[in-house]
Amino acid sequence: MAGLIRAVIDSSALRANLAAVRRTAPRSRILAIVKANAYGHDLVSTAAALADADAFGVARLDEGLALRAAGVKSEIVLLEGVFDAEQTAAAAANDFELVVHNPQQLALLAEWRDARRFTVWLKVDTGMNRLGFRADEFGPAFRKASACQAVAKLRLLTHLANADVASDSTTSEQLQLFDAVTSGLNHERSAANSAGVLSWPDSHLDWVRPGLMLYGVSPLPGRVAADLGLRPAMTLTSTVIATRRVLPGERAGYGGRWTARRVSTLAIAAVGYGDGYPRHMANGTPALVNGERVPIAGRVSMDMIAVDVTDLQPVKVGDPVVLWGEGLPAEEVAPHAETLAYELLCGVSQRVEHQFR
Ligand SMILES: *Cc1c(COP(=O)(O)O)cnc(C)c1O
């Protein structure tokens with residue numbers, strides 16, 4: 001018997017979304033971002049589906065090691081870099097490329113005595129105030145990195161803070177500052193995340209770094225993936241495990257947060273916050289039962305939710321319940337828990353079976 005809940009991943013959607021990135025940024029190479037278990041889609045299988053990407057980006061060493069252990073030969077970039085000599089050695093042994101964003105990382109490279117050398121992505125902080133050398137620190141950092149024996153190749157990157165908001169001048173300011181600091185240096189450059197790819201052609205440069213859009217989710221407010229020619233890769237599907245009739249005035253779930261206004265039918269689905277379906281999903285959050293939109297009723301439990309199926313044809317134990325994905329964009333569901341599709345996707349937990357199609 002198949003598991004009660006599964007994340008079905010459509011490999012052809014992943015490939016189509018990668019092709020959409022190519023069409024949108026035809027002069028750029030693609031650093032496909034697969035950190036956080038490929039945004040919850042499963043790291044290794046996703047990398048296999050996205051094998052046409054020019055490189056993969058992960059946040060941390062262990063994620064890169066998992067890709068190498070699975071036989072992935074592509075360029076792999078550690079977006080947070082390394083933090084001690086041991087990690088540096090592991091990165092060298094696995095041919096990882098390193099983002100270098102702070103003076104400690106520059107010092108680690110300066111102390112590196114091995115013959116193996118690195119491709120280093122030197123990061124400029126153009127206003128995100130998270131990682132990278134600020135504009136006034138960049139010159140010295142660049143000279144240090146350039147002079148460093150351990151550095152075989154140098155690339156330059158920055159990260160955009162507000163690229164999802166088309167009317168926000170922050171992005172132009174960040175791009176101008178990046179250009180002012182790096183133009184004329186004759187190194188490959190990168191700035192665009194998914195929102196940059198989609199909304200800011202000036203940000204495309206030599207390398208784009210899409211994450212969310214590869215998974216078929218829109219990063220842009222008020223737009224869903226289909227509006228942008230993208231296809232959702234993940235459909236999170238559970239199963240009805242019980243049904244019941246409730247009478248007007250009766251309540252459902254912990255705290256009795258939902259009250260029947262009429263004679264109602266509830267279907268209980270095997271999905272809860274233990275699967276990564278947020279506990280904060282409000283009454284009325286949409287789900288699909290037998291392909292029809294219905295509202296969830298009452299609080300999310302660890303292993304279950306109730307959905308109000310009163311208006312549907314009779315629902316049976318075993319019927320499918322889609323929480324997000326095909327027919328129900330994650331970007332539309334996320335606001336019901338005051339969150340983003342990013343967090344929904346990444347949050348899908350270990351006990352959810354991943355099935356690649
Ligand atoms: C996560 C990440 C990205 C991808 O961002 P999306 O909004 O998912 O496209 C790009 N660059 C860096 C440095 C990141 O950490």
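## The ligand and its pocket

A backbone N or O atom of leucine 212 sits 2.8 Å from an oxygen atom of the ligand. The model is predicted. Two side chains also place an N or O atom by a ligand oxygen: that of serine 194, at 2.5 Å, and that of tyrosine 342, at 2.6 Å. Taken alone, the ligand exposes 380 Å², and the protein buries 92% of that area.

The table sets out these contacts.

| Residue | Part of the residue | Distance from its N or O atom to a ligand oxygen |
|---|---|---|
| Serine 194 | side chain | 2.5 Å |
| Tyrosine 342 | side chain | 2.6 Å |
| Leucine 212 | backbone | 2.8 Å |

Now look at the shell. Around the ligand there are 13 residues. Those that come nearest are Lys35, Tyr39, Ser194, Leu212 and Tyr342. By class, the shell divides into six nonpolar, four polar and three charged residues.

Next comes the space itself. Which pocket does the ligand take? The ligand occupies the largest pocket. This pocket has a volume of about 1,000 Å³. Its lining has 41 residues, and Lys35, Tyr39, His159, Asn193 and Tyr342 are the closest to the pocket centre. Three elements each give two or more residues to this lining: helix H2 (35–40), helix H9 (194–199) and helix H11 (341–347). The lining has 24 nonpolar, seven polar and 10 charged residues.

Lys35, Tyr39 and Tyr342 turn up twice. They are among the residues that come nearest to the ligand, and they are also among those closest to the centre of the largest pocket.

Conventions:
Residues are numbered from 1 along each chain as its sequence is written. This is a predicted model: local features need pLDDT of at least 70, side-chain atom pairs count only at pLDDT 80 or more; totals for chains, interfaces and linings use all residues. Side-chain values use heavy atoms; hydrogens and water are left out. A residue is near a molecule or strand if one of its heavy atoms lies within 4 Å of it. A polar contact is a pair of N or O atoms within 3.5 Å; within protein, one must be able to donate a hydrogen and the other to accept it, and residues adjacent in sequence count only if both atoms are side-chain atoms. Accessible areas come from the Shrake-Rupley method with a 1.4 Å probe; for residues, only the protein chains shown count as cover. On a 1 Å grid over the protein atoms alone, a cavity is a set of points where a 1.4 Å probe fits but cannot get out, and a pocket is an open set with protein on both sides within 12 Å along at least five of seven lines; lining residues have an atom within 4 Å of a point. A molecule sits in a cavity or pocket if more than half of its atoms lie within 2 Å of its grid points. Ala, Val, Leu, Ile, Met, Phe, Trp, Tyr, Cys and Pro count as nonpolar, Asp, Glu, Lys and Arg as charged, and the others, Gly among them, as polar. Grid points are joined across faces, edges and corners, and a volume is the space filled by probe spheres set on the points. Helices (H or I, at least four residues) and strands (E, at least two) are DSSP runs, numbered from the N terminus.
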